[in-house]
Amino acid sequence: MSRPTDWIPSLWLDTFDELLYDDNELDYGDEWTLNFNYRQTDTVTHDERKRGWKVYSHCAYGNFQCATCRKTWPSARVVVLFRYRLRKGRGTVLMRPFGQTCRRCQEDEFDLPGFTKKEVEHALLRLFSKIKKNCYHEEEEDHSSTCSTKVRTKPHEKTLCEACVLGICCTDDE
Ligand SMILES: [Zn+2]
Ligand SMILES: [Zn+2]
């Protein structure tokens with residue numbers, strides 16, 4: 001059992017670069033960078049909208065480990081929120097992963113999710129397809145399923161989910 005439960009920003013950064021520079025996703029001559037913002041929400045103010053910011057909320061499959069009791073659990077509803085814009089040849093993506101808290105310990109702190117490489121790729125490809133549509137006016141590619149990995153997980157517990165607490169979790173019908 002080696003499902004990754006640690007939040008590893010470099011996995012996202014590396015995969016982002018691989019998709020852009022090895023696979024030539026977003027090959028439009030602009031430079032795109034990925035950064036993290038652990039405080040952002042899905043709210044885009046009028047001003048931000050004017051400056052070109054858009055959001056994409058992705059529902060991913062991830063794994064968690066409690067920092068206190070070491071219990072691990074999977075979840076098919078891990079929200080990964082991206083904020084992005086293209087301006088003057090520079091593309092910026094800000095990402096925030098949403099945590100969950102351990103059922104047993106019920107602490108105030110949320111543990112951040114771990115993801116497989118495949119899941120990271122899937123999330124970023126979905127993001128790129130939004131970027132292609134919204135920044136480059138291309139037709140959106142059809143990826144019908146939102147959650148890539150079909151796995152049975154326990155019912156989603158809203159009180160233990162940071163995105164639910166903030167009212168921005170993925171909905172059941174997505
Ligand atoms: Zn715990
Ligand atoms: Zn939730």
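In the predicted model, the accessible surface of the chain amounts to about 9,900 Å², and carbon and sulfur atoms contribute 45% of that area. Of the 174 residues in the chain, 43% are buried.

The overall dimensions were assessed from the C-alpha atoms. Along the principal axes, these atoms occupy a box of roughly 50 × 35 × 30 Å. The radius of gyration of the chain is 16 Å. Because a compact globule of 174 residues would have a value near 16 Å, the chain agrees with that expectation.

The secondary structure comprises four helices and four strands, arranged along the sequence in the order α-β-α-β-β-β-α-α. With regard to contacts within the chain, among those with a separation of 6 or more, 70% are formed by residues 24 or more positions apart.

Charged side chains were also examined. The chain carries 27 positive and 29 negative side chains, and a distance of 5 Å separates the centres of the two sets.

No disulfides were found in a search of the whole structure. The surroundings of two cysteines were considered in terms of solvent accessibility. Cys170 has a relative accessible area of 6% and is therefore classed as buried, the cut-off for that class being under 20%. Cys105, by contrast, has a relative accessible area of 26%; this value falls between the 20% and 50% limits, so Cys105 is partly exposed.

Conventions:
Residues numbered from 1 in each chain as written. Chains lettered and ligands numbered in written order. Predicted model: local features only at pLDDT ≥ 70, side-chain atom pairs only at ≥ 80, totals over all residues. Heavy atoms only, no water. Disulfide = S-S within 2.5 Å. Buried < 20%, exposed > 50% of the residue type's maximum accessible area, 1.4 Å probe, protein only. Helix = DSSP H or I, 4+ residues; strand = E, 2+ residues; numbered from the N terminus. Rg over C-alpha atoms; globule rule 2.2 N^0.38 Å. Contact = heavy atoms within 4.5 Å. Areas by Shrake-Rupley, 256 points an atom, 1.4 Å probe, with all protein chains shown as cover. Lys, Arg positive; Asp, Glu negative; His and termini not counted. Charge placed at Lys NZ, Arg CZ, Asp CG, Glu CD.
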